[in-house]
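Colleague: I have some questions about how this model is described. Take me through the reasoning, please.

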Amino acid sequence: MTEDEERLGPAQVPGLGSAKKVSLNRRQRLLRLITSVLDPRAYLHALKLINYYNYSHVAPLRRVTRGAGAAISPNAVFSHPERIFLGDRVRIGARCHLWAGPSHGRIEVGDDCLFGPDVLVTAANYRFNDGSPVTDQKMDEADVRLGRDVWLGARVIVLPGVQIGDYAIVGAGAVVTKSIPQGAIAIGAPAKVFGQRSAMER
Ligand SMILES: CC(C)(COP(=O)(O)OP(=O)(O)OC[C@H]1O[C@@H](n2cnc3c(N)ncnc32)[C@H](O)[C@@H]1OP(=O)(O)O)[C@@H](O)C(=O)NCCC(=O)NCCS
């Protein structure tokens with residue numbers, strides 16, 4: 001037991017002890033609704049969200065090169081879309097972010113690829129060793145290429161320079177730092193191959 005706990009008891013020590021969750025009653029919830037509806041800051045925030053979705057999704061999507069039949073979640077984000085190339089029937093899940101390089105790093109996604117939710121694919125890394133803040137430093141860029149029929153599970157991260165072969169699968173939550181061969185199943189951070197897809201050609 002720490003000195004504070006001995007003196008005050010665990011419930012009195014900041015950050016320790018237990019507390020009951022406070023739930024609002026009907027009247028309090030109604031009051032909260034009315035104050036929200038009347039709060040001009042809420043409308044200003046809605047405009048900020050519209051602006052965000054416009055510059056992160058709506059406007060850039062027009063500049064992404066897309067094949068036929070692509071299905072893209074309305075909250076997927078595209079950075080430097082002129083260097084993003086999606087094949088036919090690609091499916092991009094909720095909140096995915098495809099971040100091509102600011103000057104030359106491309107992201108190429110083959111036909112029939114499937115991205116689960118919250119996937120990040122990036123073709124650029126900040127440098128961090130020249131003594132200035134990271135955001136003031138130049139970026140290193142390297143193309144990312146996914147073959148056809150690649151499945152990236154939820155929350156996969158693919159780093160610059162990675163190539164993922166046709167038919168490969170990357171398990172949920174993996175961080176792909178090195179290239180993955182055709183048909184491989186890879187998991188973990190950093191992602192390692194643990195299996196092979198058995199039937200790959202239709
Ligand atoms: C990678 C994946 C396809 C593997 O499926 P599978 O071949 O049926 O694998 P299994 O469930 O038999 O698991 C095999 C082993 O890998 C482990 N494993 C499976 N997926 C894993 C993951 N994403 N990360 C870490 N370990 C994983 C299992 O715990 C198991 O380990 P064990 O042998 O020590 O018990 C699947 O687990 C996965 O991650 N799917 C993505 C699901 C998803 O994100 N869906 C979103 C909608 S697209």
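Colleague: What makes you say that helix 2 lies largely in the open?

Modeller: This is a predicted model, and burial is counted in it. A residue is buried if 20 or more other C-beta atoms lie within 10 Å of its own. Helix 2 has 13 residues, and the number that pass is 0, so the helix lies largely in the open.

Colleague: How do you know that the length of helix 2 agrees with 1.5 Å a residue?

Modeller: Residues 26-38 should span 18 Å. The end C-alpha atoms are 19 Å apart, which agrees.

Colleague: Why is helix 3 called hardly covered?

Modeller: The same kind of count applies. Of the 22 residues in helix 3, the count of buried residues is 1.

Colleague: What is the reach of helix 3, and where is its kink centred?

Modeller: Helix 3 covers residues 40-61 and reaches 31 Å from its first C-alpha to its last. That is close to the 32 Å expected. The kink is about 45° and is centred on Asn54.

Colleague: How do you know that domain 1 touches domain 2?

Modeller: Contact requires C-beta atoms within 7 Å. By that test, 4 residues of domain 1 are in contact with 7 residues of domain 2. The touching side of domain 1 has 2 nonpolar, 2 polar and no charged residues. The C-alpha centres of the two domains lie 31 Å apart. The domain assignment gives 25-62 for domain 1 and 65-202 for domain 2.

Colleague: Which classes make up the shell around the ligand?

Modeller: The shell has 6 nonpolar, 6 polar and no charged residues. Gly counts as polar. Residues around the ligand include Gly116, Gly153, Leu114 and Ile169.

Notes. Residues are numbered from 1 along each chain as its sequence is written. This is a predicted model: local features need pLDDT of at least 70, side-chain atom pairs count only at pLDDT 80 or more; totals for chains, interfaces and linings use all residues. A residue is near a molecule or strand if its C-beta atom, placed from the backbone, lies within 6 Å of it. Helices (H or I, at least four residues) and strands (E, at least two) are DSSP runs, numbered from the N terminus. The expected span of a helix is 1.5 Å times one less than its number of residues. The bend at a residue is the angle between axes fitted to the seven residues ending there and the seven starting there. A residue is buried if 20 or more other C-beta atoms lie within 10 Å of its own, exposed if 12 or fewer, and partly exposed in between; C-beta atoms are placed from the backbone. Domain bounds come from an automatic or database domain assignment. Two residues are in contact if their C-beta atoms, placed from the backbone, lie within 7 Å.
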